[in-house]
Amino acid sequence: MIPYEVEYVRASSVQDALSLLSGDADAKILAGGHSLVPMMKLRLARPSFLVDIGRLPELRGVEVHPDYISIGSATTHAELAADSQLTALAPLFALVAHVIADPAVRNRGTIGGSLVNADPSADWPAAVLALEAVMEVVGAKGTRRVPAREFFVGFMASAVQSDEILTRIHIPLPAAVRVGYRKFRHPSSGYAVAAAAVALRFTGDKCVGGTIGITGVADTPFRAYAAETLLGEGLGGGQDGIERIATAAFDGVAPLEDSFADAGYRLQLGRVMLKRALADACAGNREGMTCSET
Ligand SMILES: Cc1cc2nc3c(=O)[nH]c(=O)nc-3n(C[C@H](O)[C@H](O)[C@H](O)COP(=O)(O)OP(=O)(O)OC[C@H]3O[C@@H](n4cnc5c(N)ncnc54)[C@H](O)[C@@H]3O)c2cc1C
């Protein structure tokens, strides 16, 4: 593959990046480059100017506040997997970070790049949906906050405009509910063919509600609201109750289809991944930390 010529600038701050973006309609933000550069090689993206924000200290790392965690958008998957404070407060992050691709991708790819890219098979969207994260987006007109449920607006489309930057991801605390993440990994790419993230609230031994984020199955990651309304009753209702939740989660969903998984198979994988994620969460199952696909 022969690369084309492209200008590259490493921004000195978020403000610098914004002014560089505003000066060129074909400019694009570069973070880890693990989605954008492959798309450029295939000519699926053709920016004339790359504005690198990947090393900006203001966009890196995890901050813990009394009622929320704030994650810089340029924090890599590997840094999130290794952050012990984040794992203790919001264990879903470690579950998800560990199963993204391979070490090479985890060491360069960033959570912000993954969320803005909004690949329907990416892992982070399921987690931020289930944790009801809020995205901080900065542009020429100032800062706005976008809840995760409004962030994924279509196939590979997020709420971040081309002249804006996702700066931080806020996770409300307490997020230390019981969680689970199960993913059926595509054998060649590692992306999710179907995956489910769950965050359950318990009073004693009884589930009193929770949230479910699904990725891989449809053209946009989504919250399974209908299934969420059944969680309290369904999880107390044995196998039938769990089946009702899994069925409701995919009712009316138009599944993606490709040469690896047709519509019916993908829906079935989605239901199975959700049931396993729910079982992990109910059991407080730290085995889920290894997040096997089986
Ligand atoms: C071989 C391989 C396997 C992979 N497997 C998986 C997998 O199993 N699961 C998974 O979830 N992902 C997977 N990925 C994708 C990987 O996680 C990417 O790193 C990630 O999707 C994009 O992050 P990035 O930092 O590399 O973004 P980049 O490639 O730099 O950018 C991606 C897009 O987001 C925009 N952007 C980036 N950051 C910002 C920001 N802060 N504000 C505004 N716009 C921004 C860019 O302009 C670009 O359009 C895989 C990638 C590869 C190459």
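In this predicted model, the residues of the shell around the ligand divide into 13 nonpolar, 13 polar and 4 charged. The shell comprises 30 residues, and the closest to the ligand are I29, H34, L36, T110 and D123. Among the secondary-structure elements, β2 (27–30), α7 (111–117) and β10 (165–172) each supply at least two residues of this shell, and the largest share, 4 residues, comes from α7.

Three polar contacts with oxygen atoms of the ligand are set out below, two of them made through the backbone, at G33 and at S114, and one through the side chain of K183.

| Residue | Protein atom | Ligand atom | Distance |
|---|---|---|---|
| G33 | backbone N or O | oxygen | 2.8 Å |
| S114 | backbone N or O | oxygen | 3.4 Å |
| K183 | polar side-chain atom | oxygen | 3.3 Å |

On its own the ligand has 970 Å² of accessible area, and the protein covers 90% of that area. The size of an interface is often given as the accessible area lost when the parts come together. The space that the ligand takes is the largest pocket of the model.

The domain assignment of the protein chain gives three domains, namely domain 1 (7–52), domain 2 (57–172) and domain 3 (178–290). The C-alpha centres of domain 1 and domain 3 lie 35 Å apart. Read against these bounds, G33 falls within the range of domain 1, S114 within that of domain 2, and K183 within that of domain 3, so that the contacts in the table involve residues from each of the three assigned domains.

Two features of the backbone concern loops that follow elements of the ligand shell. The peptide bond from L173 to P174 is cis, with omega near 0 degrees, and P174 lies in the loop between β10 and β11 (178–185). A118, a residue other than glycine, has a positive phi, near 55 degrees, and A118 is found in the loop between α7 and α8 (124–130). The elements preceding these loops, β10 and α7, are both among those that supply at least two residues of the shell around the ligand.

Key. Residues are numbered from 1 along each chain as its sequence is written. This is a predicted model: local features need pLDDT of at least 70, side-chain atom pairs count only at pLDDT 80 or more; totals for chains, interfaces and linings use all residues. Side-chain values use heavy atoms; hydrogens and water are left out. A residue is near a molecule or strand if one of its heavy atoms lies within 4 Å of it. A polar contact is a pair of N or O atoms within 3.5 Å; within protein, one must be able to donate a hydrogen and the other to accept it, and residues adjacent in sequence count only if both atoms are side-chain atoms. Accessible areas come from the Shrake-Rupley method with a 1.4 Å probe; for residues, only the protein chains shown count as cover. On a 1 Å grid over the protein atoms alone, a cavity is a set of points where a 1.4 Å probe fits but cannot get out, and a pocket is an open set with protein on both sides within 12 Å along at least five of seven lines; lining residues have an atom within 4 Å of a point. A molecule sits in a cavity or pocket if more than half of its atoms lie within 2 Å of its grid points. Ala, Val, Leu, Ile, Met, Phe, Trp, Tyr, Cys and Pro count as nonpolar, Asp, Glu, Lys and Arg as charged, and the others, Gly among them, as polar.
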